[in-house]
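Work through the following exercises with the sequence and the 3D view open beside you. Try each task on your own before you read its solution.

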Amino acid sequence: MIATRKLGELTVSAQGLGCMGMSHAYGAHDDEAESIATIHRALDLGVTLLDTANVYGPETNERLVGKAIAGRRDEVVLATKFGIVWGEGGSMGARGDAAYVKQCADESLTRLGVDHIDLYYQHRVDPNVPVEETWGALAELVQAGKVRYLGISEASPDSIRRAHAIHPVTALQSEWSLWTRDIEAEVAPVCRELGIGIVPFSPLGRGFLTGAITSTTDLAADDLRRRLPRFTDGNLDTNLAIVEALRTIAAEKDITPGQLALAWVQSRGTDVVPIPGTKRRTYLEQNVAATEITLTPEDLARIEAAAPAGAVAGARYPEELARAANN
């Protein structure tokens with residue numbers, strides 16, 4: 001069975017399962033039976049942390065996860081989120097007023113079919129609402145027994161500190177991988193100072209670090225990644241060269257490039273719990289197997305040389321999605 005780690009005071013499996021792609025963003029979402037089988041297989045392997053959000057689908061992913069965990073609720077540390085709102089032209093915004101926080105929690109509980117959420121994240125910080133208002137409402141949800149622990153996602157060091165002053169932040173969820181290392185300079189140190197666990201999403205670089213994507217033509221027409229600068233023609237060749245260098249290291253260790261990338265994220269600290277997403281049991285099993293991989297100092301030095309911070313070409317998001325991050 002998979003080992004465990006601590007996010008603040010919350011014990012979870014050393015790797016979680018990101019469920020977003022089962023219903024949102026990355027092409028076809030029409031195989032509910034396989035998605036549910038993937039969640040069941042994760043639980044069988046000892047993966048306890050399941051991650052969803054109200055905006056995935058929207059709403060359909062929470063219903064899917066709720067259906068999958070029915071009868072197995074006691075095996076799950078259930079994480080969901082609120083706070084992203086969509087604007088014109090697909091732009092991403094945020095909402096964090098107290099009434100909305102409570103409304104979203106009640107709606108998520110209904111969709112998930114549960115009486116409490118184990119880890120409830122503020123998905124994005126609303127720049128127009130004080131963090132103190134949002135977190136005051138979240139603290140009331142904890143007091144009411146609707147939520148056990150609180151988290152924050154894609155937040156600035158200042159917002160993390162202000163939230164933590166209202167109620168302990170158990171986990172920060174932000175992108176962290178060999179091609180996204182933005183949190184290392186300021187955000188991760190603040191989390192360590194305050195005892196906040198770190199939950200990296202997209203630890204496989206939105207699938208790019210697996211080596212399976214070599215062109216945007218590999219992606220469905222409605223796949224989010226077609227909009228992301230790192231997948232565009234001007235940046236793709238630079239980023240593919242990084243993956244090829246990682247593939248060489250992985251092959252020498254008889255593991256996949258994706259497993260190498262996951263092992264690297266896991267090596268960042270015992271307070272780090274990545275949530276690679278998949279909707280297929282085969283990939284889930286490969287991902288979970290990565291928790292058994294130990295990287296030597298020599299391995300880490302070679303990986304750093306192959307994929308140094310800042311080497312990836314292109315921004316994480318186009319402008320219409322970037323505005324809501326790191327507030």
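**Exercise 1.** Is Arg181 buried or exposed? Decide this, and then examine the salt bridge that joins Arg181 and Glu184.

*Solution.* Keep in mind throughout that the model is a predicted one. Begin with the accessible area: Arg181 has a relative accessible area of 13%, and since buried means under 20%, the residue counts as buried. Next, turn to the partner, Glu184, which is partly exposed with a relative accessible area of 26%. Finally, look at the distance between the two side chains, where the closest N and O atoms of Glu184 and Arg181 are 3.0 Å apart; because a salt bridge requires such atoms to lie within 4 Å, the pair qualifies.

**Exercise 2.** Which parts of the chain does the salt bridge between Arg161 and Glu193 tie together?

*Solution.* First confirm the bridge itself, in which the closest N and O atoms of Arg161 and Glu193 are 2.8 Å apart. Then locate the two residues: Arg161 lies in helix H5 (residues 157-166) and Glu193 in helix H6 (residues 187-194), so the bridge ties together parts that are 32 residues apart in sequence. As a last step, compare the surroundings of the two partners, for Arg161 is partly exposed at 36% relative accessible area, whereas Glu193 is exposed at 53%.

**Exercise 3.** How many residues apart are Arg247 and Glu244 in helix H7? Describe their salt bridge, and then place it among the salt bridges of the whole structure.

*Solution.* Both residues lie in helix H7, three residues apart, which is about one turn of the helix. Their closest N and O atoms are 3.0 Å apart, and they form a salt bridge. Both partners are partly exposed, Arg247 with a relative accessible area of 31% and Glu244 with 42%. Elsewhere, salt bridges that share partners join Glu59, Glu62, Arg63 and Arg111 into one network. A search of the whole structure finds 26 salt bridges.

**Exercise 4.** At what angle do the axes of helices H7 and H10 cross, and which residues make the contact?

*Solution.* Start with the axes: those of H7 (residues 233-252) and H10 (residues 297-306) come within 9 Å and cross at roughly 160 degrees. Because an angle over 145 degrees counts as roughly antiparallel, H7 is roughly antiparallel to H10. The handedness comes next, and here H7 passes H10 in a right-handed crossing. Now list the residues in contact, which are Ile242, Ala245, Leu246, Ile249 and Glu252 of H7, together with Arg302, Ile303 and Ala306 of H10. Sorted by class, the contact has six nonpolar residues, two charged residues and no polar ones.

**Exercise 5.** Where does the backbone depart from the usual pattern described in the solution below?

*Solution.* Recall first that most residues other than glycine have a negative phi, and that most peptide bonds are trans. With that in mind, look at the cis peptide bond that joins Gly57 and Pro58, where omega is about 0 degrees. Pro58 lies in the loop between strand S4 (49-51) and helix H2 (60-69), and the loop between S4 and H2 is also the place of Glu59. Glu59 is not a glycine, although its phi is positive, at about 75 degrees, and this residue is partly exposed at 32% relative accessibility. Arg206, in the loop between strand S11 (197-201) and H7, likewise has a positive phi, near 55 degrees, but Arg206 counts as buried, with 9% relative accessibility.

How values were computed:
Residues are numbered from 1 along each chain as its sequence is written. This is a predicted model: local features need pLDDT of at least 70, side-chain atom pairs count only at pLDDT 80 or more; totals for chains, interfaces and linings use all residues. Side-chain values use heavy atoms; hydrogens and water are left out. Axes are lines fitted to C-alpha atoms, for helices over the stretch in contact, and angles run from 0 to 180 degrees between N-to-C directions. Helices (H or I, at least four residues) and strands (E, at least two) are DSSP runs, numbered from the N terminus. Angles under 35 degrees count as roughly parallel, over 145 as roughly antiparallel, 65 to 115 as roughly perpendicular and the rest as oblique. A crossing is left-handed if the near helix is turned anticlockwise from the far one by less than a right angle, and right-handed if clockwise. Contact means heavy atoms within 4.5 Å. Ala, Val, Leu, Ile, Met, Phe, Trp, Tyr, Cys and Pro count as nonpolar, Asp, Glu, Lys and Arg as charged, and the others, Gly among them, as polar. Buried means under 20% relative accessible area, exposed over 50%, partly exposed in between (1.4 Å probe, protein chains only).
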